[in-house]
Amino acid sequence: MKFSIGGSLKLAFRPWVEGLENIPAEGPAILASNHLSFSDSFFLPAVLDRKVTFIAKAEYFTSPGVKGKLTAAFFKGVGQLPVDRSGARGAGEAAVKSGIDVIERGELFGIYPEGTRSPDGRLYRGKPGGLARVALATGAPVIPVAMIDTEKIQPPGKVVPKLMRPGIRIGKPLDFSRYHGMDGDRFILRSVTDEVMYEIMKLSGQEYVDIYATAAKRQIADAEKAEKAARAAADKSAGNSADSSGDMGDKSAEKAAE
């Protein structure tokens, strides 16, 4: 990806980067980033000299047809690891195992603690599973990363990106070795995750919302569904009123003719 499209990305979009010195030249580390756009997984690796391995939903690797095969080949080519998200616990275990494998190879593991893209550009509560468990199981430092304005380049559902400059802020590594061996304590996992999210918030300048992004997406979808139903009911009511007015006019005309 770096040699094929990485250079083109940097040339076309000219992303600015702060804190590049916080990425270690060698050795394992966890890059924990906010998630605004599908393109986040391209811009961050493009500006780094080292390979970053992210986890991706298994559907990208198993979709049928020519398009599905091309998509799978692309994600494999850029080092993405498939994770089956059909079961919440199974998905979490798969993510943790994948992350530990990457870290044990001495590489960079990229993860989005929010678990999904932000639906409105705000920063949502981090999920305490993958990130914290990988950090505590391996002792690898966690480097907070903030993607800036990538949602304006390629909002969800948009295929053709808009040419503009995104930004990337990379924070100082966070050391959680004081919690080593405590990856089974849910309160510790929550504490580690919240500390990372706080650093991401400071780097990104995003408004923080203390609910999960998946819940926010459900709320937005429910609101849109309710609004659509209300419009349909209003249109139906207006149609019935028009029909009623028409019937009254016809009856008045018949009476006048008599």
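Colleague: Which residue just after H1 takes a positive phi, and of about how many degrees?
Modeller: Keep in mind that we're looking at a predicted model. Helix H1 covers residues 2-13, and right behind H1 sits the residue you're after. Its phi is positive, and the residue with its value is Arg-14, at about 50 degrees.

Colleague: Do the buried residues of H1 line one face of the helix or lie scattered, and within what arc do they fall?
Modeller: The buried ones in H1 are Gly-6, Leu-9 and Phe-13. In general, an α-helix has 3.6 residues a turn, so residues three or four places apart point the same way. Phe-3, Ser-4 and Leu-11 are exposed on the other side of H1. Looking down the axis of H1, the buried residues line one face because they fall within an arc of 70 degrees.

Colleague: And which helices are among what covers those buried residues of H1?
Modeller: The residues to be covered are Gly-6, Leu-9 and Phe-13. Their cover includes two helices, one at 40-47 and one at 150-153. Those are H2 and H7.

Colleague: Is the ring pair of Phe-13 and Phe-43 stacked or edge-to-face?
Modeller: The count of aromatic pairs here comes to three. For Phe-13 and Phe-43, the ring centres are 5.3 Å apart and the planes stand at 90 degrees. Planes over 60 degrees apart fall in one class, so this pair is edge-to-face.

Colleague: How many residues apart in sequence are the parts that this pair ties together?
Modeller: Both partners are buried, Phe-13 at 8% relative accessibility and Phe-43 at 4%. Phe-13 belongs to helix H1 and Phe-43 to helix H2, so the parts tied together are apart by 30 residues.

Colleague: What about Phe-38 and Phe-42: which of the two is buried and which partly exposed?
Modeller: These two also make an aromatic pair, a tilted one with 5.4 Å centre to centre and 50 degrees between the planes. Buried means under 20% relative accessible area. Phe-38 has 29%, so Phe-38 counts as partly exposed. The other ring has 12%, so the buried one is Phe-42.

Colleague: Turning to the sheet, which strands stand at the edges?
Modeller: Seven strands make an open sheet with mixed pairing, ordered E1-E8-E7-E2-E5-E3-E4. An edge strand has a single partner, so one of its sides is left without a neighbour in the sheet. That describes E1 (16-18) and E4 (81-83).

Colleague: Do E7 and E8 pair in the parallel or antiparallel sense?
Modeller: On one side of E8, strand E1 runs parallel to it over three bridges, with Glu-18 partnered by Arg-169. Between E7 and E8 there are four bridges, and Val-145 stands opposite Ile-170. The sense of the E7 and E8 pairing is antiparallel.

Colleague: Which residue in E5 is the bridge partner of Phe-54?
Modeller: E3 (residues 52-57) pairs with E5 (residues 108-111) in the parallel sense, over three bridges. For Phe-54, the bridge partner in E5 is Gly-110.

Colleague: Which strands does helix H8 touch where it packs on the sheet?
Modeller: H8 spans residues 186-204, and its direction makes about 35 degrees with that of E7. The strands it touches are E2, E7 and E8.

Colleague: Last one: at roughly what angle do the axes of H6 and H8 cross?
Modeller: The two axes come within 9 Å. Leu-131, Ala-132, Arg-133 and Leu-136 of H6 meet Ile-188, Leu-189, Val-192, Thr-193 and Val-196 of H8. H6 is roughly perpendicular to H8, with a crossing angle of roughly 105 degrees.

Technical notes. Residues are numbered from 1 along each chain as its sequence is written. This is a predicted model: local features need pLDDT of at least 70, side-chain atom pairs count only at pLDDT 80 or more; totals for chains, interfaces and linings use all residues. Side-chain values use heavy atoms; hydrogens and water are left out. Two strands pair if DSSP finds at least two bridges between them. Contact means heavy atoms within 4.5 Å. Axes are lines fitted to C-alpha atoms, for helices over the stretch in contact, and angles run from 0 to 180 degrees between N-to-C directions. Buried means under 20% relative accessible area, exposed over 50%, partly exposed in between (1.4 Å probe, protein chains only). The arc is that of the directions from the helix axis to the C-beta atoms. Rings of Phe, Tyr and Trp (its six-membered ring) pair if their centres lie within 6.5 Å; planes under 30 degrees apart count as stacked, over 60 as edge-to-face and the rest as tilted. Angles under 35 degrees count as roughly parallel, over 145 as roughly antiparallel, 65 to 115 as roughly perpendicular and the rest as oblique.
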